[in-house]
Amino acid sequence: MMPEKKIIVLIVLLLLANSAGASALPGLGAICTSSISSTNPNGSLTSSNITSLVTVSMFIVLAVLITLGILYAIGAGFGIESLSSFTKTEVIESVFNIILIGLIAAGLANVGGLISFVTNLGLSGFEAASATPVTLPQISSSYDLYSSLCTIFIGKGVDVAINNVIFMSTQLFILNVLKETKVSLMPNNVGIIFEPFLGLDPVISVLNNQMNIFLGIITLYVGLAFLIIFIYNVFPIFLYAGVLLRSLPWTRPAGGSLLAFFIAFYIIFPALIYPFEINSIGGFTSSLLVSSTNPLVSLFSSISSLISFFVASATGLFGTAMVIEMGGFAASIANIGLQFIGVVIGLLISYDLVEALGDLLGAPSLHSRTLLSKVI
Amino acid sequence: MTIDYLLALTTAEFLKLPFYTTWFPIALIAAIAVIALLAFIMMISAFAGRDRVRVWAKVKIYEVLLSIVLIIVFLVVVGIVFSIDFSSSTGVFTSINLVANGCVAGGSTGTSTDLSTLAVCDMYYFNKNVQTLNSLVYYLALRFSFVPEIKVEYSTPGFNGGLGNLGVETKISLSPAALDVFSGYLLDALYTAFVVSQVQLLLLAASLVLFSVLMAIGFIARIFVITRTFGGAMIALGIGLGIIYPLLVCITYGYVNYGVQSTFPSGAIDIAYVSTLIGGVTSFLLAAIAQGIIGSYISIPGFVQFFQFAGYVGMGLVLVPILNVLIVDVFVIDFSQAVGERIDFASLLTRMI
């Protein structure tokens, strides 16, 4: 088992202890509500902060423009062609900076509007493509989108997967106890020891396999939830820091990179993955003998289910139970697969966009093809 | 390694250090010497009627003059950057919730309010958070390893010549047996990730020295015609490691540390917390045995906080370093291309590793 899974195993054991028997994990959704604030993107950027940053950026750009004017005069006066052409290029960059600063001064609410526009565009495509008419909830701000994604990942992804894991743990507990049960018939210390449930090994193996897959799913969704939280809270700061750094010619590539990451990952990435997530998440129906509507049952209920299971196997209905189980499990994993494809598509497009924006914003080395290979 | 040791070279001291300030006169003297030499070449070429040499010398004189302008601009910019208040109670980053309590200047650790000090402090406290997570995992795994396996056995009493020793036995494992093995791998993963964080901390602690040395080499080298491109590359690397990287660390790890602090407002992430958490788990296990119902609901205090804490720390160990290194690398590549020779330190590092 991979180390990541082992971390999750430990966490899941804690979750098992904490939440077995409950209809939902206590307060796990609080992670989203406490980490994603509706007031503003990082819960702390106030209008005075933004105004200060914009003002400082504008001052820097103006100082750069004045310096460029002096340099251009020197270049023209002394006939230094390279200096003149350099200043012309830099003037264009500074004008571009002023436009960017103007856009930011117009308020981050506009970014929220842009995000909702892109997301709703994707949703309308899904609605149109659905075989049966569906109406998906519309997004009206960046908070709506990020909050919704986080809630989906934690509330419907992690929670549901953990519930499955919890119930499978209970089942494994029971099955292992049964498997270890021995009946001894040894009058005068001579006789036989009978192990009636040793044949449960294949069932235990299936459950273990499913549990590993659900642990992987939990890892995926925990990672995605915190990725969304991080982007929502930190990337708006990249926007302002990017504009500030871009104002100076020396730090333009860093500023351009920050802006490219902001646009590609704050605006585009969540909007791209949202239709995939909302369309297919929460479809876990797996685990042997588990009801898809109420996977959490008590030990006694589970034992009664197990008795039914053995009755079924004894009367030749065992195969039917397995077929149902396989169908439910496959459907669950197919849902996960679709969501995973959505995330991969989102990442690919966002990385490509980072490359294109990097060229535009003064960071031409921001190549998506080589980005990760450098550091991994 | 204490934070006092890491912060020994604070910005205030750094700005006073001889090796930081002495290279400015050296660079200026070198520039004047080079200009004098070029002027001499220009004069000779004018006498000799070699116009191409004269034009070349003229362009080079302009370039040296530009280097002097760059040094002056650099002095002004560095002065401004290191005088900005980032981490006091009214600092730039404090006001947008990017400074955890331990790093607010004037507190127990932070003495300066500049970028470098804050970056070192942020990284230091993040590493402490990693260690805390490590402790949590270790103690939990240790505690689980003490959960007993129960063997239940019943047999009828035996009689001489009669029917006896008929019985049933079974084993009950309250925690999965594989947990002991898993915990080893788990601790390995955390230890490995912690090494990366520790390297970042040392890099940040050395960033002021690196900044000073690289900028000195860069500006002096840039004055000479032959080493001009090399000088540009050094300047790019110096700014990348000395300003851009600490800035990104302050933003990203500042957020992570603040998130952890929000998770534990009292800051009491210690063994007492671990005991509470473990106590909850034990209560659950005992209750499970007593009631015979696995599905009984026993609350473990602080479990959600643990989950959130692990999420923040995991993000700081995996996502944040990649993001920071990428942006610094892009800056160094593009800026070094603009002012001198292209340098790609991330690729170089990857090849070396």
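Which side chain meets that of A:Asp201 in a salt bridge? In this predicted model, the partner is A:Lys179, and the N to O distance of the salt bridge is 3.1 Å. A:Asp201 belongs to helix α7 of chain A, whereas A:Lys179 belongs to helix α6 (residues 142-179) of chain A, so the salt bridge ties together parts that lie 22 residues apart in sequence. With a relative accessibility of 37%, A:Asp201 counts as partly exposed, because that class covers the values between the 20% limit for buried residues and the 50% limit for exposed ones.

A search of the whole structure, over all chains, gives 2 salt bridges. Another salt bridge is found in chain B, where B:Arg54 pairs with B:Asp51 and the closest N and O atoms are 3.7 Å apart. Here both partners sit in helix α5 (residues 51-83) of chain B, 3 residues apart, which is about one turn of the helix. A general rule of helix geometry is helpful at this point: an α-helix has 3.6 residues a turn, so residues three or four places apart point the same way. B:Arg54 has a relative accessibility of 30% and therefore counts as partly exposed.

With these pairs in mind, the chains can be described one by one. Chain A contains 11 helices and 2 strands. Starting at the N terminus, its elements follow the order α-α-α-α-α-α-β-β-α-α-α-α-α. Of the 376 residues in chain A, 49% are buried. Among the contacts in chain A with a separation of 6 or more, 79% are between residues 24 or more positions apart. Chain A exposes about 15600 Å², and carbon and sulfur atoms supply 70% of that area.

Chain B contains 12 helices and 2 strands. Along the sequence, its pattern reads α-α-α-α-α-α-β-β-α-α-α-α-α-α. Buried residues account for 52% of the 353 residues of chain B. When the contacts in chain B with a separation of 6 or more are considered, 69% of them involve residues 24 or more positions apart. The accessible surface of chain B is about 15700 Å², with 69% of it belonging to carbon and sulfur atoms.

What lies inside comes next. The largest nonpolar core has 162 residues, and those with the most contacts inside it are A:Phe235 and B:Phe93. Helix α7 (residues 201-247) of chain A gives the most to this core, with 28 residues. As a general background, nonpolar side chains tend to be buried together in soluble globular proteins. Leaving aside neighbours within four places in sequence, the contacts of B:Phe93 include B:Phe86, B:Leu98, B:Val99, B:Leu115 and B:Leu118. B:Phe93 is also in contact with B:Leu247, B:Cys250 and B:Ile251.

Helix α4 (residues 23-48) of chain B shows how a single element can be read. This helix has 26 residues and reaches 37 Å from its first C-alpha to its last, close to the 38 Å expected at 1.5 Å a residue. Its buried residues are B:Trp23, B:Phe24, B:Ala27, B:Ala30, B:Ala31, B:Val34, B:Leu38 and B:Ser45. Just after this helix, B:Gly49 takes a positive phi of about 75 degrees.

B:Ser45, which lies in helix α4 of chain B, deserves a second look. Its relative accessibility is 4%, so B:Ser45 counts as buried. Not counting residues up to four places away in sequence, B:Ser45 touches B:Arg50, B:Val53 and B:Arg54. The last of these residues, B:Arg54, is the salt-bridge partner of B:Asp51.

Two further buried residues complete the picture. B:Thr117 is found in helix α6 (residues 115-145) of chain B, and its relative accessible area of 4% makes it buried. The side chain of B:Thr117 is joined to that of B:Asp114 by a polar contact of 2.8 Å. In chain A, A:Leu366 has its place in the loop between α10 (318-361) and α11 (368-375). A:Leu366 counts as buried because its relative accessibility is 0%. A:Leu366 and A:Glu355 are 11 residues apart along the chain, and their C-alpha atoms are separated by 5.3 Å.

Conventions: Residues numbered from 1 in each chain as written. Chains lettered and ligands numbered in written order. Predicted model: local features only at pLDDT ≥ 70, side-chain atom pairs only at ≥ 80, totals over all residues. Heavy atoms only, no water. Helix = DSSP H or I, 4+ residues; strand = E, 2+ residues; numbered from the N terminus. Buried < 20%, exposed > 50% of the residue type's maximum accessible area, 1.4 Å probe, protein only. Polar contact = N/O pair within 3.5 Å; in protein donor to acceptor, adjacent residues only side chain to side chain. Expected span 1.5 Å × (residues − 1). Contact = heavy atoms within 4.5 Å. Areas by Shrake-Rupley, 256 points an atom, 1.4 Å probe, with all protein chains shown as cover. Core = buried A, V, L, I, M, F, W, Y, C linked by side-chain atoms within 4.5 Å. Salt bridge = Lys/Arg side-chain N within 4 Å of Asp/Glu carboxyl O.
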